[in-house]
Amino acid sequence: MTENLKLDEMGQKDEKECIQHYFLMKYLYTGDKEAVKKAEDLLDLETWQKWCCAVLLETNKAFFDSVKGQLQIELEKELRRNFYYLNLNPGQSLLLFWDENSDYQLIAKQIRLILRRRYTERFYLSISKRFQGWEALPEILDQLEQRMEERFYYKENQVFFSEEEELQSIGKEVQDAHILQLIAEDISRKDTEQLRRHFGYLKEKYSEGKGFSAMYVKFVFSNVVQEIFNESQFGDEIRLEKEIDALYACSSLAQILSGTERLIQEYEAFLESSGKETEKEVEKAKAYVENHYKEDITTQMLSEEAGLPCGYLSFIFKKKTGASVHRYLHIQRMKHAKELLALPAADPKEVSRQVGFRDPEYFSRSFREYYGWGRKL
């Protein structure tokens, strides 16, 4: 193939590192364990198995294509610790750590300070829960990207932690407020899977029956009901008042939970019936990416194009396409690069520019890691 003749013009990358990145990226996005195991002789799975915490770095700009290996060296020097660095695309990188005894909330805050001191870009960090080994990584990345969406709701925050660690780090007296805030975000994103998960936190807590007054329990779950009715088209004020009155008239926790779960089911049915409009909006956002892949596209830009709030668009875009906005943009660039490189007179440096990469060497690396370590340009 013509595209297999052109890599030498742009320089070679260490073959072993490229192999590691290719299979790790493939596993992150496909969850194909068999492919990893078949290539285990080529991979350092002993190190992969030691990973226990991940930090996702993200910025709205195409930043990571300009720093190459410089960022990893700077962070390792200032943090005084090693980690595995994986560049996912120009807007995202993943750091994988293997020290089980470290305080990763503290490490994340240090990373943010280092980045703020050295660069002008605004960075966001999402820190995973503790896990054991490489097999958990697809789920971990999904959770990291989901937590990253909180930057659209907490604009002053730049560091986001796993729910488990956050709930452990705050006092019981403020846990309800925190969980209710998570529920409010779920409803804002129309994420019923997470809504049920967070509702489950409250259900489990109050099912233990540890000295909470009946009035306070009703107050907590009435907040869940009110959040559901914040969906403007779900119900009106009159129905909301009736549901709140019915909740306060309950004589047992079982009745409170049953009434609230009934409303969640109705909310799920409401979203399912109105889902076609959402599909049109996501298609509009996808079309924009496919027509403007040469540009630095941000979620804010797509939000304006689709007419959806940033946080909701980010969530629903990934749910419908299976990829974050950053990832989807990267896929489109790789697809078009492959088509251009197949042309007999293709110049890799020119192709790099035509598909939106500022650095031809970074483009070369990204292309090989996306299509396979043996693929030549």
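The following paragraphs describe the sheet, the helix packing and the salt bridges of a predicted model.

The sheet is open and consists of five strands in the order β2-β3-β1-β4-β5, and the pairing among these strands is mixed. The edges are occupied by β2 (84-89) and β5 (159-160), and because each of these strands has a single partner, one side of each is left without a neighbour in the sheet. At the β2 edge, the partner is strand β3 (residues 92-97), to which β2 is joined by five bridges in an antiparallel arrangement. Within this pairing, L86 has L94 of β3 as its bridge partner. Helix α7 (residues 137-148) packs on the sheet and touches β1 (53-59), β2, β3, β4 (123-127) and β5, with a direction that makes about 45 degrees with that of β1.

Helices α11, α12 and α13 are described next, pair by pair. Helix α11 (residues 214-228) packs with helix α12 (residues 237-248) at an angle of about 155 degrees, the two axes being 9 Å apart. Since angles over 145 degrees count as roughly antiparallel, α11 and α12 are therefore roughly antiparallel to each other, and their crossing is right-handed. The contact brings M215, K218, F219, F221, S222, V225 and Q226 of α11 together with L240, E243, I244, L247 and Y248 of α12. By class, the residues of the contact of α11 with α12 comprise eight nonpolar, two polar and two charged.

The pairing of α11 with helix α13 (residues 253-273) has another geometry, in that the axes come within 10 Å and cross at roughly 10 degrees, which makes α11 roughly parallel to α13. On the α11 side the contact is made by V217, K218, F221, V224, V225 and I228, and on the α13 side by L253, I256, L257, T260, L263, I264 and Y267. The contact of α11 with α13 has 11 nonpolar residues, together with one polar and one charged residue.

For α12 and α13, the axes come within 9 Å and cross at roughly 155 degrees, and these two helices are therefore roughly antiparallel to each other. The residues in contact are R239, E243 and L247 of α12 and I256, T260, R262, L263 and E266 of α13. In the contact of α12 with α13, four residues are charged, three are nonpolar and one is polar. E243 of α12 takes part both in the contact with α11 and in that with α13.

Side chains of opposite charge can pair when their charged atoms come close. A search of the whole structure finds 23 salt bridges. One of these is formed by the side chains of E135 and K33, with a distance from N to O of 3.6 Å. This pair links distant parts of the chain, as E135 lies in the loop between β4 and α7 whereas K33 belongs to helix α2 (residues 33-38), the two residues being 102 residues apart.

Terms used:
Residues are numbered from 1 along each chain as its sequence is written. This is a predicted model: local features need pLDDT of at least 70, side-chain atom pairs count only at pLDDT 80 or more; totals for chains, interfaces and linings use all residues. Side-chain values use heavy atoms; hydrogens and water are left out. Two strands pair if DSSP finds at least two bridges between them. Helices (H or I, at least four residues) and strands (E, at least two) are DSSP runs, numbered from the N terminus. Contact means heavy atoms within 4.5 Å. Axes are lines fitted to C-alpha atoms, for helices over the stretch in contact, and angles run from 0 to 180 degrees between N-to-C directions. Angles under 35 degrees count as roughly parallel, over 145 as roughly antiparallel, 65 to 115 as roughly perpendicular and the rest as oblique. A crossing is left-handed if the near helix is turned anticlockwise from the far one by less than a right angle, and right-handed if clockwise. Ala, Val, Leu, Ile, Met, Phe, Trp, Tyr, Cys and Pro count as nonpolar, Asp, Glu, Lys and Arg as charged, and the others, Gly among them, as polar. A salt bridge is a side-chain nitrogen of Lys or Arg within 4 Å of a carboxyl oxygen of Asp or Glu.
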